[in-house]
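Work through the exercises below with the sequence and the model open. Try each task before you read its solution.

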There are 2 protein chains.
Amino acid sequence: MYLGAIEAGGTKFVCAVSNEQLEIVDQVCIPTTTPQETLRKVFSFFNQYELRSMGIGSFGPIDINIQSATYGFITSTPKPGWRNFDFLGTIKKHYQVPVAWTTDVNAAAYGEYKKGSARDDASCLYLTVGTGIGGGAVIDGKLLEAFGHPEMGHVLVRTHEEDTFQGSCPYHGNCLEGMASGPAIEGRTGRKAQSLKKEDSVWEMEAYYLAQALNNYTLILRPDKIILGGGVMNQIHLFPLIRTAFEELNNAYVPVPVLEQYIVAPGLGDHAGITGCLLLASTLEVEKES
Amino acid sequence: MYLGAIEAGGTKFVCAVSNEQLEIVDQVCIPTTTPQETLRKVFSFFNQYELRSMGIGSFGPIDINIQSATYGFITSTPKPGWRNFDFLGTIKKHYQVPVAWTTDVNAAAYGEYKKGSARDDASCLYLTVGTGIGGGAVIDGKLLEAFGHPEMGHVLVRTHEEDTFQGSCPYHGNCLEGMASGPAIEGRTGRKAQSLKKEDSVWEMEAYYLAQALNNYTLILRPDKIILGGGVMNQIHLFPLIRTAFEELNNAYVPVPVLEQYIVAPGLGDHAGITGCLLLASTLEVEKES
Ligand SMILES: Nc1ncnc2c1ncn2[C@@H]1O[C@H](COP(=O)(O)OP(=O)(O)O)[C@@H](O)[C@H]1O
Ligand SMILES: Nc1ncnc2c1ncn2[C@@H]1O[C@H](COP(=O)(O)OP(=O)(O)O)[C@@H](O)[C@H]1O
Ligand SMILES: [Zn+2]
Ligand SMILES: [Zn+2]
């Protein structure tokens, strides 16, 4: 029997199948078009295997409230065709197995917690800085979820005094995502983030915005580790800039681990999400058997 | 046998003893002077009773990390005599009973969760707005703690455009506590918060700062309820102002409960903390017996 995992992104779906030792035996990458077309390909991939359980980490917002009539749905996404799509229900109609259902960033946080940079920590927070900004946290082995899942990418930040960019978030303008996502960098500079020089002054602004958010996450959650992933964080020179800005904002107020071990890159690289989905699927197995 | 509770504040210690039904049978209020003098009075109160367990909710910052050499200490407080005081150790030397050890605001959050405004909710956040600003959260029955306890009162806020006050936080200047605590209101207006008219423009600023923090707490934790206590919140006309400012900031982005039921006053009034301490003490009993 196999474990199935879907890392469902706005651009592509990564689907993987692993054995019970969590070794991936097959994997496919499917472009995210319409739900019908995308899911047809998802099914033809997984139909090849006898699955014990599955884990889904989906782009959102999604409904994770079991009591809700729209539990398992992707909710208010602007992505054409996906708004109010019953993702979990559609999967469950095809496969009569237990399915773990959470956000893509929660799955990545779980992967990093179990097998990545936070594998020796009691808690961690994972933040992706890409087309959007989103975060998830694991505390004592449990994903942080309550009335809904976190939307950490939209916290308020103070505008940098030399920044004239108005912000790109359709809901809040100059929230963190509006000021520090890949598209925000592009909106501010007129150039793709990956084409900018290390010396560009935009990186110091970027670090200032991210450090503000990390400062708030620290004060509210006190995680043992903060892991920064996503396309923008390929600019690894950002890490020391963020640590320095964080240190200034915290001003030695809250004790945190040594910064080089506190604010870090994902140990699993781009595989945090899919690994987390498999791990979540394996947890279901254990629960079922106990 | 009795349960003991200490709500240890910077101004006064409230000590209570209850029966196993959590009905308070005796209570005393002791001014916070030196640790020696204060604790002497604490002991002479509790020495009258045979205790099964105790719960302490202390002003902070405190060390809650069981692995730490200073576990149970009050750590970096500016309060004379209390810095690096081994509070829990001193109590445990006198009473050989299990002792729950957490912050005053965590205890209040726990009290409100079990018996107060959030008694029907799966999670809640409690924020006190007084001499300082501090918060605690309970999610699925568990206090939110990781590398340390939250310090939610010091999150960053954007300065209101008509506000010229520089902020009163010794660490951060214009963080939430620096801009919205009782002393911040006094610093800005030159008058005690309780003497200001309802019509004063300072309340709209106050609501703006608190709403920013509530917006961030919501995005990061997604609590089912936010409970606002502390001296400043005696100004009950603040509640509708805060809800309005929150609604504007959220801009319908994250779904939250109906605001009148989401941002509320403590159901236990001033007794949230001491009730939470008793409840935490009773939890220990149950664990010990199981
Ligand atoms: N090497 C890079 N340096 C800086 N920015 C990058 C880099 N690679 C991708 N990005 C930016 O990251 C964003 C894409 O984020 P990514 O995490 O790859 O995917 P997504 O968030 O869409 O899942 C784009 O805005 C892109 O400009
Ligand atoms: N009715 C009131 N209206 C406004 N502010 C008040 C009121 N009562 C107390 N305060 C303010 O609250 C602060 C004291 O907070 P409180 O929660 O009572 O105690 P503490 O935080 O010291 O434990 C003081 O700054 C005081 O000015
Ligand atoms: Zn936003
Ligand atoms: Zn501060």
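**Exercise 1. Cover on a strand**

How many of the seven residues of strand β6 (residues 123-129) of chain A are buried?

Solution. Start with the ground rules. This is a predicted model, in which local features need pLDDT of at least 70, side-chain atom pairs count only at pLDDT 80 or more, and totals for chains, interfaces and linings use all residues. Residues are numbered from 1 along each chain as its sequence is written, chains are lettered from A and ligands numbered from 1 in the order in which they are written, and side-chain values use heavy atoms, with hydrogens and water left out.

Next, fix the terms. Buried means under 20% relative accessible area, exposed over 50%, and partly exposed in between (1.4 Å probe, protein chains only). Accessible areas come from the Shrake-Rupley method. Helices (H or I, at least four residues) and strands (E, at least two) are DSSP runs, numbered from the N terminus.

Now count. Six of the seven residues of β6(A) are buried, and the strand is mostly covered.

**Exercise 2. The partners of β6(A)**

Find the strands that pair with β6(A), and give the sense of each pairing.

Solution. Two strands pair if DSSP finds at least two bridges between them.

- Step 1: β6(A) and β7(A) are antiparallel, with seven bridges. A hairpin of three residues connects β6(A) to β7(A).
- Step 2: β6(A) also runs parallel to β9(A), and four bridges join them.
- Step 3: look at A:L127. Its bridge partner in β7(A) is A:G135. In β9(A), A:L127 has A:L228 as its bridge partner.

**Exercise 3. Laying out the sheet**

Which strands stand at the edges of the five-stranded open sheet of chain A?

Solution. First write the order. It is β8-β7-β6-β9-β10 in chain A, and the pairing is mixed. The edge strands are β8 (142-143) and β10 (263-264) of chain A; each has a single partner strand, so one side of each is left without a neighbour in the sheet.

Then check the β10(A) end. Strand β9 (residues 226-229) of chain A pairs with β10(A) in the parallel sense over two bridges. There, A:I227 stands opposite A:V264 of β10(A).

**Exercise 4. An enclosed strand**

Why is strand β4 (residues 51-58) of chain A described as largely enclosed?

Solution. Count the buried residues. Eight of the eight residues of β4(A) are buried, so the strand is largely enclosed by the rest of the structure.

Now list pairings. Strand β1 (residues 2-8) of chain A runs parallel to β4(A), joined by seven bridges. Here A:L3 faces A:S53 of β4(A). Strand β5 (residues 99-103) of chain A also pairs with β4(A) in the parallel sense, over five bridges. A:S58 has A:T103 as its bridge partner in β5(A).

**Exercise 5. Sorting salt bridges**

Place three salt bridges, including the one between B:K142 and A:D140, by what they connect.

Solution. A salt bridge is a side-chain nitrogen of Lys or Arg within 4 Å of a carboxyl oxygen of Asp or Glu. The search of the whole structure finds twelve over all chains.

- Between chains: B:K142 and A:D140 have their closest N and O atoms 3.2 Å apart. B:K142 lies in strand β8 (residues 142-143) of chain B and A:D140 in the loop between β7 (133-139) and β8 of chain A, so the pair joins two chains. B:K142 is partly exposed at 48%, and A:D140 is partly exposed at 46%.
- Within a helix: B:K41 and B:E37 meet at 4.0 Å, N to O. They are four residues apart in helix α1 (residues 35-46) of chain B, which is about one helical turn. B:K41 is partly exposed at 33%, as is B:E37 at 32%.
- Across the sequence: B:D163 and B:R188 meet at 2.9 Å, N to O. B:D163 is in the loop between β8 and α4 (176-180) of chain B and B:R188 in helix α5 (residues 182-189) of chain B, so the pair ties together parts 25 residues apart in sequence. B:D163 is buried at 10%, and B:R188 is buried at 18%.

**Exercise 6. A loop residue**

Where is B:F147, and how far is B:F147 from B:I64 in space?

Solution. B:F147 sits in the loop between β8 and α4 of chain B. Its relative accessibility is 26%, so B:F147 counts as partly exposed. B:F147 and B:I64 are 83 residues apart in sequence and 8.6 Å apart in space, C-alpha to C-alpha.
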